[in-house]
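Reader: I am new to this structure. Please take one part, the aromatic pairs, and look at it closely. Tell me what surrounds that part too.

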Amino acid sequence: MKNKNDVEVLINGRKYTICGFESAEYLQKVATYINSKYMEFKDKDYYYSLDMDLRNILLAVNIADDYFKAKKETWIIQKDNERKDKMVLEMKHEVLDSQSGTAKIGQENEVLKDDLEEAEKKIVELKVKNEDNMTKVAALEEKLSDTEAQSSGNAARLKDAEKRNGELMSKLEKAEKESARLKARLEKNEKANAGLKVKQEETKKENAELKAKQEETEKENAELKAKQEETKKENAELKAKQEETEKENAELKAKQEETKKENAELKAKIEAAERRITDLENKNRRGKR
């Protein structure tokens with residue numbers, strides 16, 4: 001259990017001994033706060049026209065005003081913390097949604113890459129077939145020039161080969177278009193993925209900044225809470241001092257009344273003594289005659 005500290009402080013020009021479980025530095029700080037309120041109060045034009053009771057009441061009102069303002073400030077900070085916590089939660093949801101979208105795009109990119117590889121393989125196969133057909137066409141044209149007897153059959157073969165070559169060329173063009181489309185789609189997805197990554201980095205940065213602000217706010221809240229506790233203790237101590245001052249005022253008034261009574265009694269005794277002296281002087285005068 002903590003030991004009580006007795007600290008001698010100066011409040012409003014008078015020495016007091018404050019007893020408490022807090023440190024001496026804290027109790028001196030309480031006294032400094034009360035003195036600052038007294039100094040603010042004394043700067044007012046009407047201060048010296050008030051009696052002691054009214055001064056104490058107005059001082060207590062000013063300190064209570066400080067307390068309720070600090071309490072309101074704490075409430076505002078708590079509401080701001082709740083709003084920031086809500087923002088953090090929403091940003092976390094956005095990050096999770098962004099990660100989910102990134103994973104989905106990644107899967108789609110893998111599928112597109114597979115389709116693109118397959119299309120490129122088909123293009124290679126079609127190019128090989130096209131080259132073979134071109135070779136066959138060249139051979140047929142050579143045979144056609146060598147023998148006219150076989151021209152009709154060769155012409156049919158040539159026509160058939162040209163037809164197949166045209167079909168292969170058409171398939172090749174379609175495959176190349178499909179490949180270009182897949183490449184464009186892949187590039188688009190990669191750009192979207194890059195945009196999501198940038199957004200993720202920005203969100204992480206914002207989360208870090210928000211977390212730092214939240215920690216700073218929590219620190220401010222802790223300081224404000226400590227200040228509130230300090231103000232409560234100061235108010236309790238000030239209330240005790242007020243009660244002590246009221247008690248002293250009552251004792252002082254009682255002493256004043258007692259002094260007035262003693263003065264009245266003394267005055268009555270002096271008047272009685274003066275009357276007795278006057279009577280004695282009168283008797284002496286009559287005796288001499």
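Author: Read from the N terminus, the elements of the protein follow the order β-β-α-α-α. That makes two strands and three helices. Both kinds are DSSP runs, numbered from the N terminus: helices are H or I with at least four residues, strands are E with at least two. The model is predicted, so local features need pLDDT of at least 70 and side-chain atom pairs pLDDT 80 or more, while totals for chains, interfaces and linings use all residues. Residues are numbered from 1 along each chain as its sequence is written, and side-chain values use heavy atoms, with hydrogens and water left out.

First, the whole. The protein has 289 residues, and 26% of them count as buried. Buried means under 20% relative accessible area, exposed means over 50%, and partly exposed lies in between, with a 1.4 Å probe and protein chains only. The protein exposes about 21800 Å², of which carbon and sulfur atoms supply 52%. These areas come from the Shrake-Rupley method with a 1.4 Å probe; for residues, only the protein chains shown count as cover.

Now the rings. The whole structure holds four aromatic pairs. Rings of Phe, Tyr and Trp (its six-membered ring) pair if their centres lie within 6.5 Å; planes under 30 degrees apart are stacked, over 60 edge-to-face, and the rest tilted. Tyr 47 and Tyr 48 make an edge-to-face pair, with centres 4.8 Å apart and planes at 90°. Their exposure is unlike: Tyr 47 is buried at 4% relative accessibility, whereas Tyr 48 is exposed at 60%. Tyr 67 and Phe 68 are also edge-to-face, at 5.2 Å between centres and 70° between planes. Here Tyr 67 is buried at 16%, and Phe 68 is exposed at 52%.

Tyr 47 and Tyr 48 have further company. Ring pairs link them with Phe 41 and Tyr 46 into a cluster. A charge joins in as well. The charged end of Arg 55 sits over the ring of Tyr 47, 4.4 Å from its centre. Sitting over a ring requires NZ of Lys or CZ of Arg within 6 Å of the ring centre and within 35 degrees of the ring normal.

Tyr 67 leads to a pocket. Tyr 67 helps line the second largest pocket, along with residues including Lys 29, Tyr 33, Asp 66, Lys 227 and Glu 234. A pocket is an open set of points on a 1 Å grid over the protein atoms alone, where a 1.4 Å probe fits and protein lies on both sides within 12 Å along at least five of seven lines; lining residues have an atom within 4 Å of a point. Helices α1 (24–42), α2 and α3 (151–288) each give two or more residues to this lining. Helix α2 gives the largest share, five residues.

Helix α2 spans residues 52–146 and also holds Lys 84. Lys 84 is buried, at 14%. Beyond its neighbours within four places in sequence, Lys 84 is in contact (heavy atoms within 4.5 Å) with Leu 210, Lys 213 and Thr 217. Glu 118 lies in α2 too. Glu 118 is partly exposed at 44%. The C-alpha atoms of Glu 118 and Ala 175 are 10.0 Å apart, with their positions 57 residues apart along the chain.
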